[in-house]
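Student: Could you take me through the aromatic ring pairs in this one, close up? I'd also like to hear about the charged side chains once the rings are done.

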Amino acid sequence: MGEEVKKKRPAPDPNSAKYKLGQIAAKAYSDCMEAKARGEMVGWCASNFPVEIPETLGLSVCYPENQAAAIAARGGGERMCSESEGDGYSNDLCAYARVSLAYMKLKDAPEQNMPMPDFVLCCNNICNCMIKWYENIARELDIPMIMIDIPFNPDYEVSDAETEYIRAQFWGAIHQLEKITGKKWSDERYKEVMEISGRSSRAWLAATSCAKYLPSPFNGFDLLNHMAVMVTARGKKEAAEAMETLLKEYEDNHEKGDSTYHGEEKYRIMFEGIACWPWLRVTSTGLKSRGINMVTTIYADAFGFIYDDFDGMCRAYARVPNAMNLELSRDKRIKLCKDNHVEGLLVHTNRSCKLWSGFMAEMSRQIGRACDIPVVSFDGDQADPRNFSEAQYDTRVQGLMEIMEANKGGRSDGNR
Ligand code: SF4
């Protein structure tokens with residue numbers, strides 16, 4: 001056998017959105033490491049906590065959910081989950097929490113390190129599991145926890161009473177952080193941050209909406225990678241610029257008939273739920289090999305926040321996916337399916353995320369009916385690889401493809 005000749009990968013284009021977004025995502029961690037090394041206080045922050053607050057105050061924060069996703073995607077999910085289970089945490093707890101609690105104890109994960117926190121910023125607009133997870137960190141490390149309570153909203157709009165309740169807590173958090181860190185709030189700086197965050201969000205949402213084109217100018221799995229910047233850096237100028245580059249690339253792709261989805265786009269689906277990070281390649285290949293492009297997911301759009309003032313910010317954080325009622329959640333997804341010409345819905349029943357998956361059975365039934373598209377679901381987990389079956393996934397995706405094929409009037413792959 002001759003020696004294997006390895007193909008050299010072309011050097012990444014430093015002007016491309018992919019390169020810029022990758023750099024920003026990595027810098028989010030290195031900036032925090034450097035801040036800690038300089039002796040500054042560093043926080044751990046929930047992904048749907050209003051990042052405009054620490055950003056305006058000039059505080060360095062990192063994101064345990066993002067870290068857990070990175071650890072899981074790079075193969076460390078089972079090791080970290082098992083570590084927490086060995087300490088008595090139930091296997092039923094969210095895997096992000098188990099990974100994070102293990103990291104709190106070990107203080108090291110080769111897949112993705114980040115500095116230990118001096119305070120934690122928690123917000124339950126995402127789930128109530130997070131309160132206990134962050135309380136544990138605060139208690140174990142003997143550090144302050146700033147908690148914002150954003151109640152589940154049964155209405156379509158955010159009422160004045162709810163806005164007032166949230167506004168008071170946002171100011172409470174700002175004053176607590178000023179006291180803990182010695183940093184000062186500046187209205188002028190807040191205005192800048194708000195504008196940058198709006199720029200990032202508008203460009204991001206416009207980029208994801210390019211899936212309206214036939215074929216889509218991107219592979220939907222790209223969004224799962226790029227969204228890390230929306231989680232960790234949406235209030236930073238370089239993030240806004242990179243998102244604008246991404247939008248331009250997608251528009252250019254459309255003009256040129258190009259796409260980052262290589263191959264023929266035979267079917268277009270919406271993916272529901274958090275990605276299976278430990279099985280990203282398998283879940284992606286299972287679609288790609290059948291000509292299926294996952295063109296849209298509410299998970300990516302969830303990190304675009306558009307508002308004009310402080311009260312608008314309060315309302316925006318009360319309209320995130322897990323804080324919304326079933327009807328509003330359903331209608332947002334129906335709009336995504338219709339705008340993006342979706343032909344099928346693939347639902348990840350995520351063992352970690354009971355809140356998200358709990359009402360998905362009924363919601364997906366209603367979406368399927370309203371959009372006249374087939375719906376299939378598979379069992380999985382965002383960070384614990386033990387809760388996923390490759391064979392089950394494959395069977396469900398095959399079934400979905402066969403129904404989409406039949407709906408197009410063609411023959412299923414199995415009959416060829
Ligand atoms: S994955 Fe679900 S349960 Fe886990 S932190 Fe996020 S919202 Fe909460």
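Tutor: Sure, rings to start with: the count comes to 17 aromatic pairs, where rings of Phe, Tyr and Trp (its six-membered ring) pair if their centres lie within 6.5 Å, and planes under 30 degrees apart are stacked, over 60 edge-to-face and the rest tilted. This is a predicted model, in which local features need pLDDT of at least 70 and side-chain atom pairs count only at pLDDT 80 or more, while totals for chains, interfaces and linings use all residues. Residues are numbered from 1 along each chain as its sequence is written, and side-chain values use heavy atoms, with hydrogens and water left out.

Take Trp133 and Tyr134: they pair edge-to-face, 5.3 Å centre to centre with 65° between the planes. Both Trp133 and Tyr134 are buried, that is, under 20% relative accessible area (exposed is over 50%, partly exposed in between; 1.4 Å probe, protein chains only). Phe218 and Tyr250, on the other hand, are stacked, at 4.6 Å between centres and 25° between planes. That pair links distant parts of the chain, with Phe218 in the loop between helix 8 and helix 9 (220–233) and Tyr250 in helix 10, 32 residues apart; helices here are DSSP runs of H or I, at least four residues, numbered from the N terminus. Phe218 is buried at 0% relative accessibility, and Tyr250 is buried at 2%. There's also a cluster: ring pairs join Phe170, Trp171, Trp185, Tyr190, Phe305, Phe310 and Tyr317.

Now the charges. Lys288 sits over the face of Tyr261, 5.3 Å from the ring centre; the rule wants NZ of Lys or CZ of Arg within 6 Å of the ring centre and within 35 degrees of the ring normal. Salt bridges (a side-chain nitrogen of Lys or Arg within 4 Å of a carboxyl oxygen of Asp or Glu) come to 27. One of them joins Glu55 and Arg189, at 3.6 Å from N to O. Glu55 is in helix 2 (residues 52–57) and Arg189 in helix 8 (residues 187–208), so this bridge ties together parts 134 residues apart in sequence. Glu55 is buried at 18% relative accessibility, whereas Arg189 is partly exposed at 26%. Both belong to a salt-bridge network with Glu192 and Lys236.

Helix 10 comes back with Asp252 and Lys248, four residues apart and so about one helical turn from each other. Their closest N and O atoms are 2.9 Å apart; Asp252 is partly exposed at 29%, and Lys248 is exposed at 52%.

Notes. Helix = DSSP H or I, 4+ residues; strand = E, 2+ residues; numbered from the N terminus.
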